[in-house]
Amino acid sequence: MTSTSRLAALGCAALVASTVAGCGSVTEAVSGGGSGKTIAMGTTSVTSVLDPAGAYDNGSWLLLHNTFQSLLSFPAASATPSPDAAQSCEFTGNDATTYHCTLRTGLKFSNGHSLTAQDVVFSVERMKKIADEGGPAALLDSIKTVEAKGDTEVTFHLSQPDAVLPAKLASAAGAIVDHQVFPADKLLANDKLVGSGPYKIDSIAPLGSDNKKPGTVELSANDQYNGTEQVKNKKFTVRYFNTGADLKAALDRGDIDLTDNSLDPGDASQLRTDQQGGKTDIQIAEGDSAETRYIAFNTKDPLTGNPAVRQAVAQLLDRKVLARDVYARTVQPLYSLVPTGVLGHNTAFYDKYGDPDVAKAKQLLTAAKVPLPVKMNLTWSRTRAEGTEGAEIKKELEASGLFQVNVQQEADWDKFKKGWRDGAYQAYTIGWTADYPDPDNFVAPLIVDGGAYHTGWDDARISGKLLPDSLKLADRAAAASVFAQMQNIAAEAVPLIPIFQTKSFYASRPYITGVQSTVDTTGVFRFGVIGRNK
C-alpha cells in the first residue's frame, strides 16, 4: 500500500498486548472506564477514498482497520493472522488452493444488519468486479470463486496456490461490507459507509489533499460490534494535516491529543531528546516499523528506461547521510526490498553496489554510452522531511559530476498517483506500508508486472517462476531463500531503489495511555487501545 500501501488480519486473539478469553462487545469494553471525552489524533496521511474497494493508502486504511472487520486480523506484534469475524479458517488439502472459513455467530453491522457469509461473498466479488485502479483488488487476484453455505460457511477456490491469502484477507482489502448498503458495481460515497468494526463513522469533513484543511473524521464506539478488540474510549477523531509542521503545531496548541508516525523527523528527534531531558511532558512511543521508502523509476522512459542510469543512481545514493542529516536518525538505511524485521530481508543492494562510488557509477554510464551529465527529473509529493529529502538526493547525485537533477513536487496526492500511473515521471520517491507483514507484500506488489508504482518493469524469472513457487509454501520460513533470489534480481535491474525504513515515533499528551501497545510492525494502529486519564 502506498504511504500509501499501506494490514490488519486474523484472530480471536486480543488486538492488544494480552489475550482475552472470548470475544466481548464494545459496550462491555467501554463501560468500565475512561473520561468519555473525545480523543483526537492527527496524521499527515491524507486520503480521499474510504470505500474498501477503492481505498489503498495509509490514510484510508488507518480508518478501515478500525471501522470494518475482516475474516482475520493481526494480533498486536504478530505476523501471523488469527480469526476475527471468522471463528476458524484453514486451507483444505495440501496444495493451498482451497480455503475454508467458519464465521462467528451474532455478527452485525453498525446499522443493525446481520453480517453473514453472503456479505463475505459479496465483498470479495464486488472488489474484483469494480477493480478500481486506485484500489487493492489485485491482492485478491488468486481468488477464482468464493461461495457461501448457509450464514456461516465460506469457501474460497483459488486459481493458483496462494499461501499468503490469509494475510491478504486480514488486510483492509478483506474488509466485509454490507450487501444491502454498498452498490455491487461502483464505489459508495464516504459519508454512507457502514462497517462492523469497533467504531462507526459519525461525520466526515471533506477529505483530499487539495483542501487547505484536508479533513476530519469523527467516530464513536460501535455498540453492535462483536469482535476481538478492546475499546477503551467511546469517541475518537482523526484529523488530517497537509504538513508535519501543521501537525506539530496542533499538538503544541492542544488541538490534538496524539499523532501517528507523521511528525517531521527533526521534530520527532527533538521531542525524544526533550522527553529524555525532562524538558517536555509530551510522551514519545518509539518502536519498530515496516514502513519503507523507495526511489521508483519509469522504465519505459527513454532515459530511466536505461538500466545503466538506474544502476548509477544506486551506486551513488548515500543512505547513511540521508538517515543522519535529513531524517535525524528517525529512519535506518535499507538495502533490500524487504525491511529488517520481516522474514526474507537481505542486503541485496549493498552486496551489489557497496558504499557510494563515483568511479563505478561513471564506468556504468560510459560503458552504456550514456551522455554526461545525465539530466533527470525527480518528483515527490509527500514526505516527513518535506523538500529536504529530494534536495539531498539531488546534492549526492550532482556531487559526482555525472547528473543534473531537477527536483519537482506534485503536492496533490491524487494528481501524483495519476502521474505515475500515466508514466509522467522519470524518477519519483514514494513510501510503502505493507498490506500484511510477509515478504510477499514487499515484492509482488512492487516489482511484478510494473508494480503498484507502474514502473513498467517485470522479470519472468520472478513473475513466472520464483514468486509462484513461494506461494506454494505455507511454511513461510521456507520461502526466505526464494525471496532472496528475487531481491538479488531486482538489485541488478533496479526498477526501485530502497532508501530507508522508518522507526515509529508517536507523540501524545501526558494523559493519553496505550500508545506503546499499538506500535509494531503489523502497521495497524488500533484506536481502541488508546485511553485518557482525564
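**Exercise 1. Find which residues surround Leu-71, leaving aside its neighbours within four places in sequence, and place Leu-71 in a nonpolar core.**

*Step 1.* Start with contacts, meaning heavy atoms within 4.5 Å. Leaving aside neighbours within four places in sequence, Leu-71 is in contact with Ser-82, Pro-83, Asp-84, Ala-85 and Ala-86, with Cys-101, Leu-103 and Val-120, and with Phe-156, Leu-169, Gly-174 and Ile-176.

*Step 2.* Before going on, keep in mind that this is a predicted model, in which local features need pLDDT of at least 70 and side-chain atom pairs count only at pLDDT 80 or more, while totals for chains, interfaces and linings use all residues. Residues are numbered from 1 along each chain as its sequence is written, and side-chain values use heavy atoms, with hydrogens and water left out.

*Step 3.* Now look at the core. A nonpolar core is a set of buried Ala, Val, Leu, Ile, Met, Phe, Trp, Tyr and Cys residues joined through side-chain atoms within 4.5 Å; buried means under 20% relative accessible area, exposed over 50%, and partly exposed in between (1.4 Å probe, protein chains only). The largest such core has 106 residues, and Leu-71 is listed with Phe-156, Ile-447, Tyr-453, Phe-527 and Ile-530 as having the most contacts inside it.

*Step 4.* Helix α4 (residues 117-130) gives the most to this core, with seven residues. A second, separate core has 37 residues, including Ala-323, Ala-348, Tyr-353 and Ile-497.

**Exercise 2. Describe the span of helix α4 and say what covers its buried residues.**

*Step 1.* Helices (H or I, at least four residues) and strands (E, at least two) are DSSP runs, numbered from the N terminus. With 14 residues, α4 reaches 20 Å from its first C-alpha to its last, close to the expected 20 Å at 1.5 Å a residue; the expected span is 1.5 Å times one less than the number of residues.

*Step 2.* Ten of the 14 residues of α4 are buried, so the helix is mostly covered. Among them are Val-120, Phe-122, Met-127 and Ile-130, and also Asp-119 and Arg-126.

*Step 3.* The cover over these buried residues includes β5 (98-103), β6 (143-149) and β7 (153-158). Just after the helix comes Ala-131, with a positive phi near 45°.

**Exercise 3. Locate the disulfide of this structure and work out its handedness.**

*Step 1.* A disulfide is a pair of cysteine sulfur atoms within 2.5 Å. Searching the whole structure gives one: Cys-89 is joined to Cys-101, with S to S at 2.1 Å.

*Step 2.* The torsion about the S-S bond of Cys-89 and Cys-101 is about 115°, which means that the disulfide is right-handed.

*Step 3.* Cys-89 lies in strand β4 (residues 86-91) and Cys-101 in strand β5, twelve residues apart. Cys-101 counts as buried because its relative accessibility is 0%.

**Exercise 4. Determine how the axes of helices α8 and α11 are arranged.**

*Step 1.* Axes are lines fitted to C-alpha atoms, for helices over the stretch in contact, and angles run from 0 to 180 degrees between N-to-C directions. The axes of α8 (residues 307-316) and α11 (residues 358-367) come within 9 Å and cross at roughly 180°.

*Step 2.* That angle makes α8 roughly antiparallel to α11, since angles over 145 degrees count as roughly antiparallel (under 35 roughly parallel, 65 to 115 roughly perpendicular, the rest oblique).

*Step 3.* Residues making the contact include Ala-308, Ala-312 and Leu-316 of α8 and Val-358, Ala-361 and Leu-365 of α11.

*Step 4.* Follow the chain into the loop between α11 and β15 (374-380), where Pro-373 sits. The peptide bond from Leu-372 to Pro-373 is cis, with omega near -5°.

**Exercise 5. Decide whether Ala-77 and Val-494 are buried or exposed, and give the phi of each.**

*Step 1.* Ala-77 is in the loop between β2 (72-73) and β3 (82-83). Its phi is positive, about 65°, although Ala-77 is not a glycine.

*Step 2.* Ala-77 counts as exposed because its relative accessibility is 62%.

*Step 3.* Val-494 belongs to the loop between α16 (480-493) and β18 (496-502). Val-494 has a positive phi near 60° and is a residue other than glycine.

*Step 4.* At 0% relative accessibility, Val-494 counts as buried.
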